[in-house]
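User: I'm new to this one and would like to see how its labels are earned. Can you walk me through a few?

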Amino acid sequence: MNALARKLFDLGLLNAFTASGAFSPAASIAFYTAGTTTPITTYNAPTAGSANTNPVTANAYGRFDEIWITDGQSIKYIFTPYAGATTI
């Protein structure tokens, strides 16, 4: 078991939608070390149960499962709500 502390990357109640207003299961969030293009590992549980894919993708309803990051880690994330659109 990894002894590093984790904190929840809290999106609140976020749903991603396409430009036409439909749920966007293609939405994604890519995670990097702040100020770089170096990907970081995120987890699906505070105990670092399993690593998420990077980028993390939304489910069929445009929602993301829990995303846990290492506490104290400086991150940059790029949210892509649907193909061709990016929000930093």
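Analyst: Sure. This is a predicted model. Let's start with a pair of residues: Ser 28 has Thr 57, in S3, as its bridge partner.

User: What makes S2 and S3 a pair?

Analyst: Two strands pair if there are at least two bridges between them. S2 and S3 (residues 56-57) have two bridges, in the antiparallel sense, so they meet that cut-off.

User: And how do you know that S2 pairs with S5?

Analyst: Same kind of check. Six bridges join S2 to S5 (residues 75-82), and the cut-off is at least two, so S2 and S5 count as paired. They run antiparallel, and Tyr 32 stands opposite Lys 76 in S5.

User: Why is Ile 29 called buried?

Analyst: Buried means under 20% relative accessible area. Ile 29 has 1%, so the label fits. Ile 29 is in strand S2, and its contacts include Phe 9, Leu 11, Val 56, Phe 64 and Phe 79. Phe 79 is 50 residues away from Ile 29 in sequence, yet their C-alpha atoms are 4.4 Å apart.

User: Why is Phe 23 called partly exposed?

Analyst: The label covers what lies between buried, under 20%, and exposed, over 50%. Phe 23 has a relative accessible area of 40%, so it falls in between. You'll find Phe 23 in the loop between strand S1 (6-8) and strand S2 (28-33).

User: What makes Phe 23 eligible for a surface patch?

Analyst: One requirement is over 30% relative accessible area, and Phe 23 has 40%. Together with Phe 17 and Tyr 61, Phe 23 makes a nonpolar patch of about 330 Å².

Note on methods: Residues numbered from 1 in each chain as written. Predicted model: local features only at pLDDT ≥ 70, side-chain atom pairs only at ≥ 80, totals over all residues. Heavy atoms only, no water. Patch = residues over 30% accessible without salt bridge, like charges linked within 9 Å, V, L, I, M, F, W, Y side chains within 5 Å. Areas by Shrake-Rupley, 256 points an atom, 1.4 Å probe, with all protein chains shown as cover. Salt bridge = Lys/Arg side-chain N within 4 Å of Asp/Glu carboxyl O. Helix = DSSP H or I, 4+ residues; strand = E, 2+ residues; numbered from the N terminus. Buried < 20%, exposed > 50% of the residue type's maximum accessible area, 1.4 Å probe, protein only. Contact = heavy atoms within 4.5 Å. Lists of a residue's contacts leave out its neighbours within four places in sequence.
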